[in-house]
Amino acid sequence: MSKPMQEQTYSNSDYINRDLSWIEFNRRVLEEAQDPSTPLLERIKFLSICSTNLDEFMSVRVAGITDQLKAGYTKKDFTGYTPEGLLRRIMKRTGKMVQEQYKTLRELARALAKEGIIFTANGDLTPNQKKQMDQYFHDYVFPVLTPMAVDQSRPFPLVHNLNLYLAVTLKREGDDPEEEPYFAIVQVPSNLPRYIKVHARANSVKQEFVLLEDLIEEHIHTMFSGYTPVSVDPFRLTRNADLTLNEEGAEDLLEEIEKELKRRRWGSPVRLEVQKGFHPYALDMLKEEFEIGDNVFEIDGPIDLSYLMKMSVSLPNFDHLRYPKLEPAYPREFDETDDFFEVLRAKDVLVYHPYESFDAVCDFIDQAANDPAVMAIKMTLYRVSGNSSIVSALARAAEAGKQVTVIVELKARFDEERNIAWARQLEKAGCHVVYGLVGLKTHAKITLVVRQEQNGLRRYVHVGTGNYNDNTARLYTDIGLFTSQPVIGEDASVLFNEMTGYSAPHDWQAFGTAPTDMKAKLFELIAREAENAAAGKPAGIIAKMNSLSHQEMVDKLYDASRAGVQIDLIVRGVCCLKPGVEGLSETITVRSVVDRFLEHSRIFYFENGGDPQLWLSSADWMTRNLTRRIELMCPVFDPGLKAMLIQILRLSLTDNVKARVLKPNGQYVREEGGTVTPFRSQFEAQDIVTWKRWRDSF
C-alpha cells in the first residue's frame, strides 16, 4: 500500500558523502584491472585510468578541502563531515587504494612477462642492450636534461604539477661524512617516451622495455661531474589545479583564463608522491619547500601509471590481449541517402555511440556547412578533439557567408588551452564566438541548423548526452537525437538567444534547462510519480546518469520512495543516496556499470500513469549541473525511439556481469548471477542493426 508524500527532514546519516562515494567508484575501476576475465592489455589500461582519476581527484576535490582547512572552515556538510574529518578519511582510503594499485601492477607485470612483455632493470640488460641504451641516452635524453641545484645562490626551482622529477643527493670526495649533502633536482622530460624499447636478446621474441627515469638514474653521474650521487629518488607533486576566476571583473574572459592557466603552475601543493626508500635528507628538503605536512604517499613502484594507457593501445602484435575491435555501424537511417535533411523531415533519428558511428554527427554538420540553403548554424562546444572536423566545417560555413554562432566553453577543466585555440580559429574564420555566461559553464550539447525551404525556414536540431568529440565518442556510451520537431526547434532558437543575448527566462514548450527551471521540472516529474503511486496509478522512475549528489534531489527521491514509487537508478560514479533503507528508500535500487566503455549517457524515464515520458540530458543530478551550468533536458517524442531508450535502460538493469549494486552501507557488490545466464549489457548493446530493425517495427 503506497503512502502519500509528506514533508520530511532527513539526517546526516541518510546520505553517503560525495568524495567517499567517488573513492568507491575508482575502486570499481581498479577492480576491472584486477579482473582476470578482462583482457590483459585492457587491465593495464584500467590501472592507468584509476591512476589518472586519482590525480584529478587530488588536484581538484582534495585541493578544495585543503583550501577550506586553510581558511578555518569547520562547518559540517550535509553528510555530516567537517573538512578536517573528511580529509583524514579520504587520505586513509586513498592510501589503501594506492597500495592496491601497485599490488595489482606487480601481478600484471608477471602476467605481461608470461606474454613476452617485460620491463627490465638497467642492471639486467645484456652488454649489447646496455650499449644501445647508452647511445639512446646520449642522443635523445641528455641534450634535454637540466640539472637544477638548490643552494644559497640558487633557490628551489618551480616544480610543475603532476610532472615526474628525480631528487638527487650528492657528496664530494673528501667531504666530512657529517656535513649536509648537496641537493639537486632533474625533471624527467614529459616530451620523451616514458618507456623505451630495448633490442631483443639473441634468439628471443620477447619485447623488453626500460623506463625513462631508470635510464636517467643510470647516467645521472654525467650531469654532476666532480660529485658522487648518493641517492637518486623519483618524486611527483600534485598542485591545486582548479581555476579561480573573477569573471564579473574580467574585461576579456579569454585573456583572464589564459592568465589563470599560467597561475595554475603555482597552485598550492596538495600531495607529494615519493618512491619507496626515498633519501631522508631529500624528503626533508621537499617537505620543507612544499609545506606538504603529512600528505606524502610512499610509492612501491614507478610513480605515475598514466604511461600504461599508451602502452595498452600501441603495442603491435598483441591484439589477442585486447577486446575485439568494435567497428561502429553507420546509422542505417542515414546510410540510405546523402541527405540528412530529407530523412529528418520524415522522422526523428536516435544514434547510440559507440555502437553507431559519430561520423553521422560530423557529416550532419558538414552537409549543413556545404548546403547553399542553410542560413545559419548554431552550436555549443564543451570538449572537442585535437583534430576536429566539426570545427573545420563550422569555419568553412562562416567563410561561405552563413551565420555561424559557436558557444565555446573556455572553462572546461583541463581543456581550457585547447578550447582557447579553437575559439581563436573560429573567430578568424568569421564565426560569432561566445564564451558563455558569467558564472556559468555551458555544458549543454546542442546544434541548431536553420534552412530555407519551399515552405519557409525549417529548423533541424541535434541534442546529445555527450561532447562533440569524435575521440571520446569511440570510448563513451552516449546518445544523440536528430530531429526537426517544430517545438524542439523553436526552443533551440530561444536557448541560443538566451546564451548569446539578453533574454528573460522562457516558458519552454519542450526543453528543461538549467540553471533556470530544470531542477523544478525534475522535482515536478518526481512528485507526479509519487501522486500517481498514492492514487494507485502506474508509477515508476528509471534514471541513468554519471553522478547523483544534489541533496534536495536525493530528498525528493526519498519522498517518492516513501510514497511507494519504484525507482531504479543507474549511476556510474558518485551517489549520495542510500538505497534499500527501511522507511526511507525501500523501493530504490542503485547500480553502477563499469565496463569496456565509459557509461556516459543521461536518460530519464517517468512512468506517467502508463504513458511513459523519456528525456535525454547533458546534466547529472549534481549541484553544479542544476545550479551553476547551462544544461539541457530534451524530450523524446517518437514511440519507436522511446522504446529503444527503454531497452537501453533495461540492458543496464539486467546486467549481472559488470554491474555493481549499491548497499545501504555505501559499499558496492557485484550482482550475484547464481545459475542465471550471464548478461553483459555493453556486449548485448553491440547488435545495433538488430535493434534498429526492432525499433522500426513500432
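The following paragraphs describe the nonpolar core, one pocket and the aromatic pairs of a predicted model.

A good place to begin is the interior. The largest nonpolar core holds 71 residues, and the members that touch the most others within this core are Val141 and Ile216. Helix H2, which covers residues 40-70, supplies the largest share of the core, with 12 residues. Val141 and Ile216 also touch each other. Leaving aside residues up to four places away in sequence, the other contacts of Val141 are Tyr136, Leu192, Leu212 and Leu215.

Attention now turns to the second largest pocket. Its space comes to about 400 Å³, and 21 residues form its lining. Nearest the centre of this pocket lie Phe119, Leu211, Asp214, Pro302 and Tyr307. Four elements each give two or more residues to the lining: helix H3 (83-114), strand E6 (207-211), helix H5 (212-218) and helix H8 (307-314). Of these, H3 gives the most, with 4 residues. In character, the lining of the second largest pocket is made up of 12 nonpolar, 4 polar and 5 charged residues.

The aromatic side chains offer a further view of the fold. In total, the model contains 26 aromatic pairs. In one of them, the ring centres of Tyr15 and Phe78 are 4.9 Å apart; the pair counts as edge-to-face because the planes meet at 85°, above the cut-off of 60 degrees. Tyr15 belongs to the segment before helix H1 (18-34), whereas Phe78 sits in the loop between H2 and H3, so this pair ties together parts that are 63 residues apart in sequence. The two partners can also be described by their accessibility. Tyr15 is buried, with a relative accessible area of 4%, while Phe78, at 23% relative accessibility, is partly exposed, since buried means under 20%.

A second pair brings the discussion back to the pocket. Tyr307, one of the residues nearest the centre of the second largest pocket, forms an aromatic pair with Tyr195. The two rings are tilted, with 6.4 Å from centre to centre and 50° between the planes. Because Tyr195 lies in strand E5 (residues 195-198) and Tyr307 in helix H8, the pair ties together parts that are 112 residues apart in sequence. Both Tyr195 and Tyr307 are buried.

Ring pairs also build a cluster, whose members are Phe334, Phe340, Phe341, Phe364, Tyr460 and Phe482.

Notes:
Residues are numbered from 1 along each chain as its sequence is written. This is a predicted model: local features need pLDDT of at least 70, side-chain atom pairs count only at pLDDT 80 or more; totals for chains, interfaces and linings use all residues. Side-chain values use heavy atoms; hydrogens and water are left out. A nonpolar core is a set of buried Ala, Val, Leu, Ile, Met, Phe, Trp, Tyr and Cys residues joined through side-chain atoms within 4.5 Å. Buried means under 20% relative accessible area, exposed over 50%, partly exposed in between (1.4 Å probe, protein chains only). Contact means heavy atoms within 4.5 Å. On a 1 Å grid over the protein atoms alone, a cavity is a set of points where a 1.4 Å probe fits but cannot get out, and a pocket is an open set with protein on both sides within 12 Å along at least five of seven lines; lining residues have an atom within 4 Å of a point. Grid points are joined across faces, edges and corners, and a volume is the space filled by probe spheres set on the points. Ala, Val, Leu, Ile, Met, Phe, Trp, Tyr, Cys and Pro count as nonpolar, Asp, Glu, Lys and Arg as charged, and the others, Gly among them, as polar. Rings of Phe, Tyr and Trp (its six-membered ring) pair if their centres lie within 6.5 Å; planes under 30 degrees apart count as stacked, over 60 as edge-to-face and the rest as tilted.
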